[in-house]
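Welcome to a short tour of this structure. Keep the 3D view open beside the text and follow along as we go from open space to packed interior to backbone geometry.

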Amino acid sequence: MAEVVLAIDLGTTATKVIAVDRHAGVVTSAERGYPMRTTPSGEATHDPDEVLGAALAGLREVVAQGHDVRALALTGAMHTLIGLGPDGRPVTPSLSWADNRAVEQTARLRGTAAGLELHRATGTPVHTMSPLVKLAWFAEQGFSADRWCGLKDYVAAELTGRLTTEHSSGSATGLMDLRSLTWHPGALEYARVTADRLPELLAPTDWLPLALDVPGLVRGTPVVLGGGDGPLANLGVGAVVPGVAAVSLGTSGALRVVRDQPGVDAGGRVFCYAIADGLWVLGGAVSNGGVVAQWASEAFGADVVTLLEEAAAVPVGAAGVTALPYLLGERAPWWDPGASSAVVGLRREHGRAEVTRALVEGVAQQLALVLDAVRSVADVHAVRVTGGAFRSDLWATVLASALGLELEVAEDSEGSGVGAALLAWRALGELPSLTSAADLIKPTKVVKPDEGAVRHYAAARPAVERLYRALRELV
């Protein structure tokens, strides 16, 4: 019977519970899906109790397999927000990072000196994803709650009976001071909320005893608070030493590199979020990753695999077609929820293969722009990647060439879930340091950049920024 930690990963479309041994090996897993409610007004929400139910169902399934469970650990999508009543029950849905109803509040703050100061102090860009502007939106709607928390905090409170958050998730709210690790007075004032209405801030490796009856689990089992899915994805692929970045690419994407001190670039193009033990990730998320291939599949009436195979046969540069792939607005480095897509250079001889290739190249160029911003503050000389998109050779080869770096692929990594489990093993005293994760987790293959493509993408990248700014004036 294996000794394991159970990591609960609360995702945007499903919760996964994975059992992880002390060597970062995934022993077993269970997954439960749920819908996200979206409306034309910009709402993107979950039912908190539906997500809680999925987490408990996954726990019961994994626990029933009879492993020796040493602890639970939590991770989840960042930037969520729930209002609670006096009894601790939700009085709002859980607003996801994709909820963009706070667009007016964001527009008023972003680009101002006050907005940039808050970004530098809290590490969170001024964007509709941020709980900072979501709280301001609620206040301007005349709505108030007894307490406010994130979705992971709500699930943790149901498990432990105590409402807390940790520095990793807290650093993604736009409300926590990166240096004091306390709620930031100026941010609280802008959000029109007081510290006593927010969760207690603890360390990611802190734990509370399990207080909820879960069949097969002993009451009092440590529940390690964990952290946000982005920072813990770095830990989960072993990208936890300076200079080694992690790239995740699913529906959306992100690039993050670890540092030993907090801070963002002078222009406010990147975020800074905590992992634990004095480690921070600096980087940026892009809203458009594999979603561009899904869109092309729907638009052209062909399956994604076929389209990507056709696109792989098109030469570098997509035969002169350039795409700004902002189907869902864009985050880093623009942080512009109103950004629109464009396909430029289209001619009669072009077809779905050229357009699809241009979209893939556009996503890779966007991640390269994030890398440029990160490199203004921190060194990056290696990249570890994970995500469903990398099952396609096209995504991997284009991204390697756009970044100009070899990609170390962790094909079967559970990313954030393994990262949460490693935090738990660290909390239990079984992991000497978080940086030792770099030795536990090894890439399965390496993808090399094509030098001719590297030169092409580097030369074309300044035009991407000019196109974005020109389109911003037109749309």
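## The second largest pocket

In this predicted model, 18 residues line the second largest pocket, and R110, W334, W335, D336 and Y468 are the ones nearest its centre. The pocket has a volume of about 370 Å³. Sorted by class, its lining holds 9 nonpolar, 2 polar and 7 charged residues.

Which helices should you colour to see the walls? At least two lining residues come from each of α2, α11 and α15 (451-474). Helix α15 gives the largest share, with 4 residues.

## A buried threonine in α2

Helix α2, one of the contributors to that pocket lining, spans residues 103-109 and includes T106. Is T106 buried or exposed? Its relative accessibility is 3%, so T106 counts as buried. Setting aside neighbours within four places in sequence, T106 is in contact with V126, H127, T128 and V133.

## Enclosed cavities

Rolling a probe the size of a water molecule over the atoms shows where empty space is left. Searching the whole structure turns up 3 cavities of 30 Å³ or more. The largest cavity contains about 220 Å³ of space. Its lining is made of 24 residues, and T80, G150, D153, S169 and T173 lie nearest the centre. By class, that lining splits into 13 nonpolar, 9 polar and 2 charged residues.

Several elements meet around the largest cavity: α4 (131-140), β9 (147-149), α5 (151-160) and α6 (167-170) each provide at least two of the lining residues. The largest share is that of α5, with 3 residues.

The second largest cavity has a volume of about 40 Å³. Around it you will find Y326, G338, A339, S340, Y468, L471, R472 and V475. Of these lining residues, 5 are nonpolar, 2 polar and 1 charged. Y468 is a residue to pick out in your viewer: it lines this cavity and is also among the residues nearest the centre of the second largest pocket.

## Nonpolar cores

In soluble globular proteins, nonpolar side chains tend to be buried together. Here the largest nonpolar core has 94 residues, and V247, L255, F390, W395, L403 and L407 are those with the most contacts inside it. Helix α11 (residues 352-375) supplies the largest share of this core, 12 residues. Apart from it lies another core, this one of 33 residues, including Y34, L72, L84 and L159.

What does L403 touch, leaving aside its neighbours within four places in sequence? The list is V247, L255, L367, A368, L371, R375 and V383. Two of these partners, V247 and L255, are themselves among the residues with the most contacts inside the largest core.

## Helix α12, largely enclosed

Why is α12 described as largely enclosed by the rest of the structure? The helix runs over residues 393-403, and 9 of its 11 residues are buried, so the surrounding structure encloses most of it. The buried residues are L394, W395, A396, V398, L399, A400, S401, A402 and L403. W395 and L403 are already familiar from the core, where they belong to the group with the most contacts.

Both ends of α12 are worth a look. At the N-terminal end, S392 acts as the cap: one of its side-chain oxygens lies 3.2 Å from the backbone nitrogen of L394. After the helix comes G404, with a positive phi near 70°.

## Backbone geometry to check

Most residues other than glycine have a negative phi, and most peptide bonds are trans. With that in mind, here are some places to inspect. The peptide bond between A332 and P333 is cis, with omega about -10°. P333 sits in the loop between β18 (322-324) and β19 (342-344).

D277 is not a glycine, yet its phi is positive, about 55°. D277 belongs to the loop between β16 (271-274) and β17 (280-286), and its relative accessible area of 41% makes it partly exposed. A319, also not a glycine, has a positive phi of about 55°. A319 is located in the loop between α10 (304-312) and β18; its relative accessibility is 44%, so A319 counts as partly exposed.

How values were computed:
Residues numbered from 1 in each chain as written. Predicted model: local features only at pLDDT ≥ 70, side-chain atom pairs only at ≥ 80, totals over all residues. Heavy atoms only, no water. Buried < 20%, exposed > 50% of the residue type's maximum accessible area, 1.4 Å probe, protein only. Polar contact = N/O pair within 3.5 Å; in protein donor to acceptor, adjacent residues only side chain to side chain. 1 Å grid on protein atoms, 1.4 Å probe; cavity = no way out; pocket = protein on both sides within 12 Å on 5 of 7 lines; lining within 4 Å. Points joined across faces, edges and corners; volume = space filled by probe spheres on them. Nonpolar A, V, L, I, M, F, W, Y, C, P; charged D, E, K, R; others polar. Core = buried A, V, L, I, M, F, W, Y, C linked by side-chain atoms within 4.5 Å. Contact = heavy atoms within 4.5 Å.
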